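Here is a short tour to follow with your viewer open. Keep the selection box handy, and let each stop lead to the next.

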Amino acid sequence: MKQLSELKLKLLDLLKEDARRDANLLATLVGVTTEEVAEAIKELEEDHIIVKYATVMNPSKLDDDKVTALIEVQITPERGRGFEAIAERIYLFPQVKSVYLMSGAYDLLVEVEGQNLKEVASFVSDKLSTLESVLSTKTHFILKKYKQDGIIFEDPEEDRRLLISP
């Protein structure tokens, strides 16, 4: 694994907070030139350390009825490739948003998105659970997101207490 410079580590932290910061602001924040920032970011992208700039959306503010499920998957690892081969087969499905190798009671945690409950259930029963290495699945549907990637989605509740003056 490549050791990153202090500049690149600082830039990654700043971009993780807000990927919309431009090179001029980043240069000011880290105390280097705009050209140094642009070159460091270019290298981070070329090395696939930065792979995407994404927008985090509040799902409760959208008129979008998509369903998200987290699926615990127990698998039998393949000889010579371990969990890699089955993880690859799973993450290539378009419904799959994330796949994580886990410790504990199950091997993989798979995040799936569908248009409705039936579509997700069909994916689990017809595609995921029929894979040869899959021993069992346990599906958990996400009912509401309160916080994601450090961002709280709930609007702060108003303080409804009455003022008491001396």
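**Stop one: start from a leucine**

Select Leu128 and show what surrounds its side chain. Leaving aside residues up to four places away in sequence, leucine 128 touches Ile71, Val73, Ile90, Phe123, Val134 and Thr137. Keep in mind as you look around that this is a predicted model.

Now widen the selection. Leu128 is among the residues with the most contacts inside the largest nonpolar core, which has 18 residues; the others named for this are Ile71, Val73, Ile90, Leu108, Val110 and Val112. Which elements each supply at least two residues of this core? Colour strand S1 (67-75), helix H4 (84-91), strand S3 (108-114) and helix H5 (117-128), and you have them. S1 gives the most, with five residues.

Apart from this core lies another one, of 12 residues, including Leu11, Leu26, Ile41 and Ile50. As a general background to both stops, nonpolar side chains in soluble globular proteins tend to be buried together.

**Stop two: one face of a helix**

Leu26 makes a handy bridge to the next selection, helix H2, which spans residues 23-30 and has Leu26, Ala27 and Val30 as its buried residues. Turn the view until you look down the axis of H2: its buried residues fall within an arc of 100°, so they line one face of the helix. What do they pack against? Add helix H1 (6-17) and helix H3 (34-46) to the display, since the buried residues of H2 pack against these two helices.

Just after H2, pick glycine 31, where phi is positive at about 75°.

**Stop three: a serine in a strand**

Move on to strand S2 (residues 96-101) and select serine 98 within it. Is this serine buried or exposed? Its relative accessibility is 18%, and because buried means under 20%, serine 98 counts as buried. Its contacts, not counting residues up to four places away in sequence, are Leu109, Val110 and Glu111. Val110 should look familiar, as it was listed among the residues with the most contacts in the largest core.

**Stop four: charged pairs**

Switch to the charged side chains. How many salt bridges does a search of the whole structure find? There are seven, and three of them are worth a click.

- Glutamate 17 and arginine 21 form a salt bridge with their closest N and O atoms 3.2 Å apart. Glutamate 17 counts as exposed, at 60% relative accessibility.
- Glutamate 113 and lysine 66 meet through their side chains at 3.7 Å, N to O. This pair links distant parts of the chain, 47 residues apart: glutamate 113 sits in strand S3, and lysine 66 in the loop between H3 and S1. Glutamate 113 is partly exposed at 27% relative accessibility, and lysine 66 is partly exposed too, at 39%.
- Arginine 81 and glutamate 88 meet in a salt bridge of 3.4 Å, N to O. Arginine 81 is partly exposed, with a relative accessible area of 43%, and glutamate 88 is also partly exposed, with 31%.

**Stop five: a nonpolar patch outside**

Turn on the surface and select Leu117, Phe141 and Leu143. Together they form a nonpolar patch on the surface, with about 350 Å² of accessible area. Phenylalanine 141 belongs to strand S4 (residues 134-141), and at 33% relative accessibility it counts as partly exposed.

**Stop six: loops and backbone angles**

Finish in the loops. Proline 94 lies in the loop between H4 and S2 and is exposed, with a relative accessible area of 68%. Draw a distance from its C-alpha atom to that of lysine 52: the two are separated by 18 Å, and the residues are 42 apart along the chain.

Then check two backbone angles. Most residues other than glycine have a negative phi. Histidine 48, in the loop between H3 and S1, has a positive phi near 60°, and this residue is exposed with a relative accessible area of 60%. Aspartate 149 also has a positive phi, of about 50°. Find aspartate 149 in the loop between strand S5 (147-148) and strand S6 (151-152), where it counts as exposed at 63% relative accessibility.

Conventions
Residues are numbered from 1 along each chain as its sequence is written. This is a predicted model: local features need pLDDT of at least 70, side-chain atom pairs count only at pLDDT 80 or more; totals for chains, interfaces and linings use all residues. Side-chain values use heavy atoms; hydrogens and water are left out. A nonpolar core is a set of buried Ala, Val, Leu, Ile, Met, Phe, Trp, Tyr and Cys residues joined through side-chain atoms within 4.5 Å. Buried means under 20% relative accessible area, exposed over 50%, partly exposed in between (1.4 Å probe, protein chains only). Helices (H or I, at least four residues) and strands (E, at least two) are DSSP runs, numbered from the N terminus. Contact means heavy atoms within 4.5 Å. The arc is that of the directions from the helix axis to the C-beta atoms. Patches are made of residues with over 30% relative accessible area and no salt bridge: like charges are joined within 9 Å, nonpolar side chains (Val, Leu, Ile, Met, Phe, Trp, Tyr) within 5 Å. Accessible areas come from the Shrake-Rupley method with a 1.4 Å probe; for residues, only the protein chains shown count as cover. A salt bridge is a side-chain nitrogen of Lys or Arg within 4 Å of a carboxyl oxygen of Asp or Glu.
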